[in-house]
Amino acid sequence: MEGEQQQLDEWARSRHTRLPSFSEVLSRRTRPPVDLFMFYLFLQREGAEDILDFWLDVQQHENLCRAYFKDVRKSGRTIREDWPEYWEYARRRGTASTAEMAAEMQEKRGLTERSTSPDPRLLASTSPATAVGTDLEHALGSPTPAQPRPPTPFSLGRHTPIFFSRRASRAPTILPRSSPITRTDLVASAERIFLRYLSPAGTSPGGGESHEIYLPPALRVHSFPLSNATGSAADQAGIAQVPDMFHAQKEYCFRAMEQDAFPRFLRSKAFGNLTPMSALVRLVAGLVSLWIGLATAFSLVFLDVKPKSVRFYLFIPFTFALLFLISHQYELDPILVFFEQSETTPFRTLRIREPYVRKLLIGRAIWVSMLVAVGVTALTLLFWAVPGHRL
């Protein structure tokens with residue numbers, strides 16, 4: 001745990017002049033309020049957390065496949081001997097798991113760079129999604145669409161819920177291993193992903209709410225090809241695609257989140273510290289406080305209350321009113337920022353630990369405080385200067 005904390009500190013120091021990238025968030029290299037947990041809550045408020053669950057589950061599936069390859073090598077066999085269909089498929093297609101084969105060839109046969117180097121065109125097609133949080137920094141990706149085209153999973157007419165049901169991510173982060181990974185485990189993992197996220201709505205196991213995600217027509221999977229495997233050559237060829245079955249869909253989801261949801265998440269959490277529900281409550285409280293302040297001010301003026309210095313107490317309701325209203329406008333509560341707190345869910349906070357985000361929020365909190373101070377001073381002096389006139 002101490003080593004992990006030191007590693008997080010080192011990563012945080014490397015970002016002392018910039019915001020984290022999406023890859024860093026997914027690989028759990030960031031701290032609150034711009035970490036993976038906060039991003040998940042942000043998507044959950046928008047009702048779009050299934051796309052992140054899908055990415056994490058596919059990442060877990062790829063980890064399972066890599067664990068299988070490592071088990072094969074530990075057993076003293078090569079992937080070519082253990083799974084010739086996949087070896088041939090990967091050799092011809094240049095899949096995301098080709099790096100495992102290259103590592104095996106380097107260890108077992110000492111082949112030259114020429115014989116093990118991947119096709120540069122395939123290497124260029126690999127997105128950051130392939131390498132996030134894994135050992136796939138040099139893995140190869142199958143060709144995917146260059147850019148996600150509208151509509152995206154975040155532009156399907158979903159409304160942002162103010163109240164949302166909290167449910168934990170179904171994507172585990174640790175591989176429970178009591179025995180070597182088998183090909184049956186890989187097929188079962190792929191089938192679970194298909195049934196949960198890619199099957200038509202209403203066909204997911206257990207029924208209930210559908211978690212089907214949006215994918216462009218070219219990436220949709222309409223049926224799981226191994227549901228009724230008979231052991232034929234065609235079935236074996238289908239099983240050979242299991243390690244990389246969802247790689248193109250995973251990269252599409254990565255790009256969709258990176259280009260659509262992640263910028264909005266940074267605007268929300270790196271430049272503000274309130275949730276939409278909390279900001280709305282502050283708007284209502286600010287309007288009520290402003291009404292109380294103005295009603296009191298006009299009463300003091302038209303009742304010509306003496307001494308006139310009593311009007312200076314108007315700064316109390318005006319302070320609350322402007323603080324709440326400007327906090328709503330900026331989605332930032334300066335008091336919480338000065339205590340280094342940021343909201344996770346309405347009225348629940350955690351400590352701001354990302355250094356550059358803390359710096360940004362403190363700067364904005366000082367600006368908001370100055371606006372409140374100027375506004376309160378102006379309103380208070382205005383109503384103090386107005387001559388009293390008893391009606």
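# Exercises on a predicted helical model

Buried residues account for 47% of the 391 residues in the protein. The coordinates are those of a predicted model.

## Exercise 1. Overall description

Determine how many helices and strands the protein has, and what share of its contacts joins residues at least 24 apart.

*Solution.* Step 1: the secondary structure consists of 16 helices and two strands. Step 2: take the contacts between residues at least 6 apart in sequence; 77% of these join residues at least 24 apart. Step 3: the accessible surface is about 20,300 Å², and carbon and sulfur atoms contribute 59% of that area.

## Exercise 2. The annotated spans

State which residues UniProt lists as "transmembrane region", and describe the helix content of residues 279-303 and of residues 310-330.

*Solution.* Step 1: the unreviewed UniProt entry gives residues 279-303, 310-330 and 365-386 under this name. Step 2: in the model, residues 279-303 are 96% helix and 0% strand, with 36 Å between the end C-alpha atoms. Step 3: residues 310-330 are 76% helix and 0% strand, and here the end C-alpha atoms lie 32 Å apart. Step 4: consider the loop between α13 (276-302) and α14 (315-330), where P307 is found. The peptide bond from K306 to P307 is cis, with omega near -5°.

## Exercise 3. Salt bridges of helix α12

The structure holds 12 salt bridges. Locate the partners of the bridge between E62 and K250, and establish whether E251 and R255 are buried or exposed.

*Solution.* Step 1: recall that side chains of opposite charge can pair when their charged atoms come close. Step 2: E62 and K250 form a salt bridge with an N to O distance of 2.8 Å. This pair links distant parts of the chain, since E62 belongs to helix α4 (residues 49-74) and K250 to helix α12 (residues 247-269), 188 residues apart. Both E62 and K250 are buried.

Step 3: a salt bridge also joins the side chains of R255 and E251, at 3.7 Å from N to O. Both residues lie in helix α12, four residues apart, or about one turn of the helix. Step 4: the cut-off for buried is under 20% relative accessible area. R255 has 13% and is therefore buried; E251, at 0%, is buried as well. Step 5: a network of salt bridges links E46, D260 and R264.

## Exercise 4. The nonpolar core

Identify which residues have the most contacts inside the largest nonpolar core, and list what F39 touches beyond its neighbours within four places in sequence.

*Solution.* Step 1: the largest nonpolar core has 78 residues, and those with the most contacts inside it are F39, L52, F54, L198 and F246. Step 2: helix α4 gives the most to this core, with 12 residues. Step 3: once neighbours within four places in sequence are set aside, F39 is in contact with F22, V25, L52, M257, A261, F262 and F265.

Step 4: turn to the cysteines. A search of the whole structure finds zero disulfides. C65 is buried, with a relative accessible area of 1%, and C253 is buried at 0%.

## Exercise 5. The region from α15 to β2

Describe the surroundings of F338 and the salt bridge of E340.

*Solution.* Step 1: F338 lies in helix α15. With a relative accessibility of 46%, F338 counts as partly exposed. Step 2: not counting residues up to four places away in sequence, F338 touches A365, I366 and S369. F338 and I366 are 28 residues apart in sequence, while their C-alpha atoms are 9.1 Å apart in space.

Step 3: E340 forms a salt bridge with R351, the closest N and O atoms being 2.8 Å apart. E340 sits in the loop between α15 (334-338) and β1 (341-345), whereas R351 is in strand β2 (residues 348-351), 11 residues apart. R351 is partly exposed, with a relative accessible area of 40%. Step 4: the backbone of E340 has phi near 60°, a positive value in a residue other than glycine.

## Exercise 6. The loop between α2 and α3

Determine what backbone features R28 and P33 show in this loop.

*Solution.* Step 1: R28 lies in the loop between α2 and α3, and P33 lies there too. Step 2: R28 has a positive phi of about 60°, although R28 is not a glycine. R28 is partly exposed, at a relative accessible area of 42%. Step 3: P32 and P33 are joined by a cis peptide bond, with omega about 10°.

Conventions: Residues numbered from 1 in each chain as written. Predicted model: local features only at pLDDT ≥ 70, side-chain atom pairs only at ≥ 80, totals over all residues. Heavy atoms only, no water. Buried < 20%, exposed > 50% of the residue type's maximum accessible area, 1.4 Å probe, protein only. Contact = heavy atoms within 4.5 Å. Areas by Shrake-Rupley, 256 points an atom, 1.4 Å probe, with all protein chains shown as cover. UniProt positions renumbered as here; feature names shortened; annotations may be inferred. Salt bridge = Lys/Arg side-chain N within 4 Å of Asp/Glu carboxyl O. Disulfide = S-S within 2.5 Å. Core = buried A, V, L, I, M, F, W, Y, C linked by side-chain atoms within 4.5 Å.
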